[in-house]
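Here are some notes for a colleague who is opening this entry for the first time. They are meant to be read with the sequence and the coordinates at hand, one point after another.

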Amino acid sequence: MNTADPKTGRNATQPPFPRRLRQSQSQASDWPESDAVAQQHSLSLIEAIREQIAAAGGALSFHDYMQAALYTPGLGYYAAGSSKFGAAGDFVTAPEISPLFAWCLADAVLPLLKTLPQQSVLEAGAGSGILAARLLQRWQEQECLPQHYYILELSADLRERQRRQFEIHCPSLLPNVQWLDAWPEDFEGIVLANELLDAMPVHRVHKREGRWYEQTVGFEQDAFITQEQPLSDTLLQQQLAQIEAEQPLPDDYLTEINLNAGQWIRTLGENIHQSVVLLLDYGYPRSEYYHPQRQRGTLMCHYRHRAHDDPFVYPGLQDITAHVDFTDIADNALAAGFGVAGYTTQAHFLLDNGLLQKLEQQSLDEAEYQRQVSQVRQLTLPQEMGEIFKVMLLNKGCQVLPTGFSGRDLRHQL
Ligand SMILES: C[S@@+](CC[C@H](N)C(=O)[O-])C[C@H]1O[C@@H](n2cnc3c(N)ncnc32)[C@H](O)[C@@H]1O
């Protein structure tokens, strides 16, 4: 079973410090220290979650803990000011690695931009805004700017950062971008989401002695603790029954279920017409995700480019993420009236959209060329992001489709 981390390419390492924040400050010998302001920030979030746990009678579902750790307004990891993306942050995403990624994506949807009556693009979960800026710059060069570029972003802090990205790097394109609080009514066009689904809170479930339990989070003696209660949520029960009907799972099996992702696809289906959706993320088809040997699931945390599996370390300062079950996404997409028009690896999608030609067409000096070659490797090599990242294309009523799916069609795996 591959345990390499998709965001670092390295195997996960155990954090050297235990869960308690105060202890961790002295014991984090080879881990990057957080400064006093960041630690105070984390303590404020711990206090807010502790109050939530008390108000809920002593335990929150793991899903609610993860929701709070990532999205509590002003304090959660995505809702507050740390760097997050890129070398100075905690992890790196494909649009941050190389502009070639955005150029391939821009060219993939170009045929649609030329034919759709309403040229609208909606990006969900835009991070630093770098993908939006590079896409619009590319389309501007090709004289094919969409009428609207909408961004749907949960985090007020990231919205502000996205706006600054435009102000600093391409201010003339700022009027083309519109930030939304909710889905626009009757949207038609192209929906893009890179690493959105992996950032949604998941439920954690544990099978022992033949029964499934849901993990909850309590707070005792100054630290978060994991607890378990018999599974009562009907949706989780149904999902596990479906998974085990295809492949029974062994005892002492810990995994995650992402109900939010399926709900997101269904809401999307209700709000859009004549549209395509491109979902780029790390994940597997169900048979591989819920493989009997994947006994500890895929939950992963990132703090300053260190990957580990303890969600209680530095709440608010570290990312918590889980892989995507693409079979579940496909099932929900079909139920929401989409067709699954493509499913391939990131490597094949980028290579099909002329990644190598785009690299060669630039006039680069030797040093810059070598730098970009190594970025291309990071995006495409199987042991880096090439295989574990997938691209899924959903279609509702469009005749012309994005390119990049003919090289390797993996839909039979779903
Ligand atoms: C892992 S980051 C990826 C950012 C960016 N797409 C990239 O590839 O660098 C996840 C992003 O999705 C946003 N997000 C999470 N859930 C969301 C939701 N339901 N709707 C909109 N944005 C969401 C987060 O705030 C964050 O911007």
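1. A residue is called buried here if 20 or more other C-beta atoms lie within 10 Å of its own, exposed if 12 or fewer do, and partly exposed in between. Please keep in mind throughout that this is a predicted model. With that cut-off, helix 3, which covers residues 62-71, is mostly covered, since 7 of its 10 residues are buried. The buried residues of helix 3 are Phe62, His63, Tyr65, Met66, Ala68, Ala69 and Leu70. They pack against helix 2 (36-55) and against four strands, namely strand 1 (60-61), strand 6, strand 7 and strand 13.

2. Two of those strands, strand 6 and strand 7, deserve a closer look. Strand 6 (residues 203-208) runs antiparallel to strand 9 (residues 253-257), and 5 bridges join the two; within this pairing, Val205 has Thr255 of strand 9 as its bridge partner. Strand 6 also pairs with strand 7 (residues 211-220), again in the antiparallel sense, over 4 bridges, and here Arg208 is bridged to Arg211 of strand 7. The hairpin made by strand 6 and strand 7 has 2 residues between the strands, and in this hairpin Glu209 takes a positive phi near 45 degrees.

3. Strand 13, another of the partners of helix 3, belongs to an open sheet of 3 strands, whose order is 12-11-13 and whose pairing is antiparallel. Strand 12 (306-308) and strand 13 (319-321) stand at the edges with a single partner strand each, so one side of each is left without a neighbour in the sheet. From one strand to the next, the twist averages 25 degrees. Strand 11 (residues 300-303) is joined to strand 12 by 3 bridges, and Cys301 has His308 of strand 12 as its bridge partner.

4. Which residues have the most contacts inside the largest nonpolar core? They are Ala132, Val191 and Ile329, in a core of 108 residues. Helix 5 (residues 99-115) contributes the largest share of this core, with 11 residues. For Val191, if neighbours within four places in sequence are left aside, the contacts are Leu122, Ala124, Leu268, Ile272, Ser275 and Val277.

5. Leu279 and Val121 can be read side by side. Leu279 lies in strand 10 and counts as buried because 26 other C-beta atoms lie within 10 Å; apart from neighbours within four places in sequence, Leu279 is in contact with Ala193, Leu197, Ile329 and Met392. One of these contacts, Ile329, is also named among the residues with the most contacts inside the largest core. The C-alpha atoms of Leu279 and Leu131 are separated by 14 Å, while the two residues are 148 residues apart along the chain. Val121 is placed in strand 2 (residues 120-124) and is likewise buried, with 26 other C-beta atoms within 10 Å. Outside four places in sequence, Val121 is in contact with Pro146, Tyr149, Gly189, Ile190 and Leu192. Its C-alpha atom is separated by 15 Å from that of Ala182, 61 residues apart along the chain.

6. Backbone angles merit a check at two further places. Most residues other than glycine have a negative phi. Glu143, however, has a positive phi, near 50 degrees, and is found in the loop between helix 6 (130-141) and strand 3 (148-152). Is Glu143 buried or exposed? Glu143 counts as exposed, because it has 6 C-beta neighbours inside 10 Å. Gln274 likewise has a positive phi, of about 20 degrees, although it is not a glycine, but its place is within strand 10 (residues 272-284). With 16 C-beta neighbours inside 10 Å, Gln274 counts as partly exposed.

7. The last point concerns the ligand. There are 20 residues around it, of which Thr93, Gly125, Gly127, Asn194 and Ala199 come nearest. By class, this shell consists of 12 nonpolar, 5 polar and 3 charged residues.

Definitions and conventions: Residues numbered from 1 in each chain as written. Predicted model: local features only at pLDDT ≥ 70, side-chain atom pairs only at ≥ 80, totals over all residues. Pairing = 2+ DSSP bridges. Axes fitted to C-alpha atoms, helices over the stretch in contact; angles between N-to-C directions. Near = placed C-beta within 6 Å. Nonpolar A, V, L, I, M, F, W, Y, C, P; charged D, E, K, R; others polar. Contact = placed C-beta atoms within 7 Å. Core = buried A, V, L, I, M, F, W, Y, C linked by C-beta atoms within 7 Å.
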